[in-house]
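Colleague: I am new to reading protein models, and I would like a close look at one part of this one. Could you take me through the barrel and what packs around it, step by step?

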Amino acid sequence: MERRDEPVAGKGVARRKIVVGALVVALVAGGVGGGIGAWLERDGGGRHVTLPQAPVDRSERDPGSVAGIAARALPGVVTLHVRGSGGRGTGTGFVLDNKGHILTNNHVVEPAGDGGGIAVTFHGGRTAKATVIGRDSGYDLAVVKVSGVPGLTPLALGNSDSVHVGDSVVAIGAPFDLAGTVTTGIISAKERPITAGGKKQDGSDVSYVDALQTDAPINPGNSGGPLVDSRARVIGINSAIRSAGGSEAGGGQGGSIGLGFAIPINQAKRVAEELINTGRATHPVIGVSLDMAYQGDGARVNPKGGGGSPVTRGGPADKAGIEPGDVIKRIDSSAVHSGRELIVKIRSHRPGDRLVLTVERGGKERAVPLTLGSASSG
């Protein structure tokens, strides 16, 4: 019988296995090759990679730059942590002299009251306890003192009468307890009549300020810190901001919208000297009570009637011939549009200064020379 060879099924399968095996080897080889290629591309074939970088620049910055100004001013700026029955808070101050006197806002230290405490932290990290030498709510200023702290760095005081709108300024403080924060901007305006404080129901703690306005960012915690000029001289005390809600606040929690206000250093210097020397400050007065509800232009002396005399007998206004119901329209060449503006502009002067008030009575205006009197803050 003729024998025929049958196809061997296993032979075709073996061939397919060889082909598939070759394909797997090729894929593995490709994967290994790709991995090696990626590794070579990433790591440069095992070579150590060093990225180029500029060397450390230890050169001093230009004295007129923001960095240069900050370097000179920061050693004299301190952070105050205040606690007491009235609560606790953080503010800023700056060193006035080598005796340890520090200037800040009254609303910063006010929570300490009679039984609280004030801790001062210096730029280098040193801390010390401080005592209140004197404070005045009408000017929103206070002086505290530290003892036994060597190497103090007093800041130089400038002259706020020399400031021009548009001048560059630097604000230093501890917004939200971030000590040593530096911000920069310009003087946006001068002689802004603002009020701050006013937490007491009788309004006795309201501060009237003829302020410098700045767009340098100021936030809670900046209060009491210095606003310095391009030569690192203090020209103002950062004290209030205009919040988004439209109110002026010295100790609120609103953020900066570019409307900050500082007490001019010329006013702050006088008050600080009085607080250091006597423990209290004097306020210039003209000796009248004002109709704060008056809606017309100017500041109206209260009309006759009610309790007490609207014009203090024997006071500056009485001696100058001002009468109840008179409307004060100007102080020297500056217009007065409200009772608040009159108080602010009076407070920007010193007791004993001679002024010329423009007074309206019966539809007619006349110039009235007047010498400012003095009232103690108590």
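Modeller: Happy to help; we will begin with the whole chain, go on to the barrel and its core, and finish with a few single residues.

Please keep in mind that this is a predicted model. The protein chain has six helices and 20 strands. Of its 378 residues, 40% are buried. If you take the contacts between residues at least 6 apart in sequence, 64% of them join residues at least 24 apart. The accessible surface comes to about 20,200 Å², and carbon and sulfur atoms account for 52% of that.

Now to the barrel. Six strands form a closed barrel in the order 1-2-3-6-5-4, and their pairing is antiparallel. From one strand to the next, the twist averages 40°. As background, strands of a sheet pair through backbone hydrogen bonds, and the pairing can be parallel or antiparallel.

Let us walk along some of these pairs. Strand 1, residues 77–84, is joined to strand 2 by eight bridges in the antiparallel sense. These two strands make a hairpin, with two residues between them. To find one rung of this pair on your screen, look for Val-82, whose bridge partner in strand 2 is Gly-89. Strand 1 also pairs with strand 4, residues 117–121, again antiparallel, over five bridges. A rung to look for here is His-81, which has Ala-119 in strand 4 as its bridge partner. Further along the barrel, strand 5 (residues 127–136) and strand 6 run antiparallel and are joined by six bridges. In that pair, Ala-130 stands opposite Val-146 of strand 6.

What packs on this sheet? Helix 4 does, touching strand 2 (87–95), strand 3 (101–104), strand 5 and strand 6. The direction of helix 4 makes about 55° with that of strand 6.

This brings us to the nonpolar core. The largest one has 29 residues, and Phe-94, Leu-103, Leu-141, Val-234, Ile-237 and Ala-268 have the most contacts inside it. Several elements supply at least two residues each, including helix 2 (66–73), strand 6 (141–146), strand 9 (206–214) and strand 11 (234–242). Helix 4 gives the largest share, five residues. Ile-237 is a good residue to click on: leaving aside residues up to four places away in sequence, its contacts include Phe-94, Leu-103, Leu-141 and Ala-268. The chain also has a second, separate core of 19 residues, with Ile-286, Ala-320, Leu-342 and Val-368 among them.

Leu-342 leads us to helix 6, where it is one of the buried residues. Helix 6 covers residues 339–347, and seven of its nine residues are buried, so the rest of the structure largely encloses this helix. The buried ones are Gly-339, Glu-341, Leu-342, Val-344, Lys-345, Ile-346 and Arg-347.

Next, some single residues. Thr-214 belongs to strand 9. Its relative accessibility is 0%, so Thr-214 counts as buried. The side chain of Thr-214 has a polar atom 2.9 Å from the backbone oxygen of Ile-186. That side chain also reaches the backbone nitrogen of Ala-216 at 3.0 Å. Residues touching Thr-214 include Val-169, Ser-188, Leu-227 and Gly-260.

Ser-160 sits in the loop between strand 6 and strand 7. With a relative accessibility of 5%, Ser-160 counts as buried too, because buried means under 20%. Among the residues Ser-160 touches are Lys-190, Ile-235 and Asn-266.

Lys-190 is our last stop, and it lies in strand 8, residues 181–197. At 30% relative accessibility, Lys-190 counts as partly exposed. A polar atom of the Lys-190 side chain lies 2.8 Å from the backbone oxygen of Val-163. Besides Ser-160, Lys-190 touches Asp-161, Val-163, Val-165, Ala-211 and Leu-212, again leaving out residues up to four places away in sequence. The C-alpha atoms of Lys-190 and His-164 are separated by 8.0 Å, while the two residues are 26 apart along the chain.

To retrace the route on your screen, start at the closed barrel of six strands, move to helix 4 packing on the sheet, and end at Lys-190 in strand 8.

Key. Residues numbered from 1 in each chain as written. Predicted model: local features only at pLDDT ≥ 70, side-chain atom pairs only at ≥ 80, totals over all residues. Heavy atoms only, no water. Helix = DSSP H or I, 4+ residues; strand = E, 2+ residues; numbered from the N terminus. Buried < 20%, exposed > 50% of the residue type's maximum accessible area, 1.4 Å probe, protein only. Contact = heavy atoms within 4.5 Å. Polar contact = N/O pair within 3.5 Å; in protein donor to acceptor, adjacent residues only side chain to side chain. Core = buried A, V, L, I, M, F, W, Y, C linked by side-chain atoms within 4.5 Å. Pairing = 2+ DSSP bridges. Axes fitted to C-alpha atoms, helices over the stretch in contact; angles between N-to-C directions. Areas by Shrake-Rupley, 256 points an atom, 1.4 Å probe, with all protein chains shown as cover.
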